[in-house]
Amino acid sequence: MEIVIRPSAEAAADLVARVIARELWNNPRLVIGLAAGRTMESVYARLAEMHREEGLDFSACRTFNLDEYVGLPSTHKNSYRHYMNRHLFLQVNINLQNTHLPDGLASDFDAECAGYEKLITQCGGIDLQLLGIGNNGHLGFNEPPSAFNSRTRVKVLSPATREQNELLFEGPDQVPHCAITMGVKTILECRRCLLLATGEDKAAIVAKAVEGPITSMISATALQIHPECTVVLDEAAGSQLTESGYYRWVFENRPEWAIFRTPSSAEAISGFHPERPIEKQPGKQIVEPAN
Ligand code: GLP
């Protein structure tokens, strides 16, 4: 697991968008796992901007969202399908037929969940999974406790989660009681995980998720055993980490992060372009930190 701390929420979202863009430039048929939530809105806004201004091409990629509320039609303004259409899909040149979310109105939920897993497998698995984190440490809607070998299924939402998401609904009783969510194992099978958390509200749970003991009571702790996971934070969300000095040093010194250290610029964006593959950028050797 690698932890990157950026000066602001905007800079953190910008970095996440640029990581996604880089992978998409390198592989136009990328299978991307997506997440909903307020934190992701600025990531999607940035991706839409890159599409408009830099020609970032979504036409061949496929997407799978982490979760969807049970009982909401896709036209409901709080459904995650509606969220994704509004914030990303209708802002870029993605083929809507290549965008997948669980169906919260399915007549047979077991079949829907099994079918979702099968479709992910048929598409070759998820290359890059974008993740947020709930205040209780859930990924998707993997409420505590969630088995680390769980797959896509219906999960009953905890009171804390319903309360956290209540602001977007017309009242507490309007928040659905259940959701279909990818399981923890589904997430762990993605080739790369990219978690974004911003704001002071997330600082305590981020510290537990990243530096605390692994437990099914905090599904985000499962990412500690993922072979390729990057956690991107703003200063506020990273404020309770004990090893933040080390994380900052790694980010400043690893050659892989070189083009991401400065805010977006024409030069950084051109680094994504296939005519100038990022692997050919001059690297920097890691040097030991001064005591
Ligand atoms: C919901 C989603 C999660 C998301 C979380 C955080 O519960 N199911 O996938 O990570 O919200 O949302 P926010 O970004 O609004 O804090």
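Two strands pair if DSSP finds at least two bridges between them. Helices (H or I, at least four residues) and strands (E, at least two) are DSSP runs, numbered from the N terminus. The structure is a predicted model, where local features need pLDDT of at least 70 and side-chain atom pairs count only at pLDDT 80 or more, while totals for chains, interfaces and linings use all residues. Residues are numbered from 1 along each chain as its sequence is written.

**Exercise 1: the sheet**

Task: work out which strands stand at the edges of the open sheet of seven strands.

Solution.
- Let us begin with the order, which is β1-β10-β9-β6-β2-β3-β5, with parallel pairing.
- β1 and β5 each have a single partner strand, so one side of each is left without a neighbour in the sheet, and these are the edges.
- Now look at the β5 edge: two bridges join β3 to β5, and the two strands run parallel. Phe 64 stands opposite His 100 in β5.
- At the other edge, β1 is joined to β10 by five bridges, again in parallel. Here Glu 2 has Thr 230 in β10 as its bridge partner.

**Exercise 2: strand β10**

Task: find how many residues of strand β10 (residues 229-234) are buried, and which way they point.

Solution.
- First, the criterion: a residue is buried if 20 or more other C-beta atoms lie within 10 Å of its own, exposed if 12 or fewer, and partly exposed in between, with C-beta atoms placed from the backbone.
- Six of the six residues of β10 meet it, so the strand is largely enclosed by the rest of the structure.
- Cys 229, Val 231 and Leu 233 point one way, and Thr 230, Val 232 and Asp 234 point the other way.
- Strand β9 (residues 192-197) pairs with β10 in the parallel sense over five bridges, and Leu 195 has Val 231 as its bridge partner in β10.

**Exercise 3: Ile 5**

Task: explain why Ile 5 counts as buried, then list what it touches.

Solution.
- Ile 5 is found in strand β1 (residues 2-6).
- Ile 5 counts as buried because it has 20 C-beta neighbours inside 10 Å.
- For touching, two residues are in contact if their C-beta atoms, placed from the backbone, lie within 7 Å. Leaving out residues up to four places away in sequence, Ile 5 touches Leu 233, Glu 235, Gly 238, Ser 244, Tyr 247 and Arg 248.

**Exercise 4: helix α3**

Task: decide which residues of helix α3 (residues 80-87) are buried, and what covers them.

Solution.
- The buried residues are Tyr 80, Arg 81, Tyr 83 and Met 84.
- They cover an arc of only 160 degrees around the axis (the arc of the directions from the helix axis to the C-beta atoms), which puts them on the same side of α3.
- A reminder helps here: an α-helix has 3.6 residues a turn, so residues three or four places apart point the same way.
- The cover includes β2 (31-34), β3 (62-65), β4 (67-69) and β5 (99-100).

**Exercise 5: strand β7 and the loop before it**

Task: sort the side chains of strand β7 (residues 153-156) by face.

Solution.
- The side chains alternate: Arg 153 and Lys 155 point to one face and are buried, whereas Val 154 and Val 156 point to the other and are not.
- Four bridges join β7 to strand β8 (residues 178-181), and the pair runs antiparallel. The bridge partner of Val 154 in β8 is Ile 180.
- Pro 145 lies in the loop between β6 (128-131) and β7. A cis peptide bond joins Pro 144 and Pro 145, with omega about -5 degrees.
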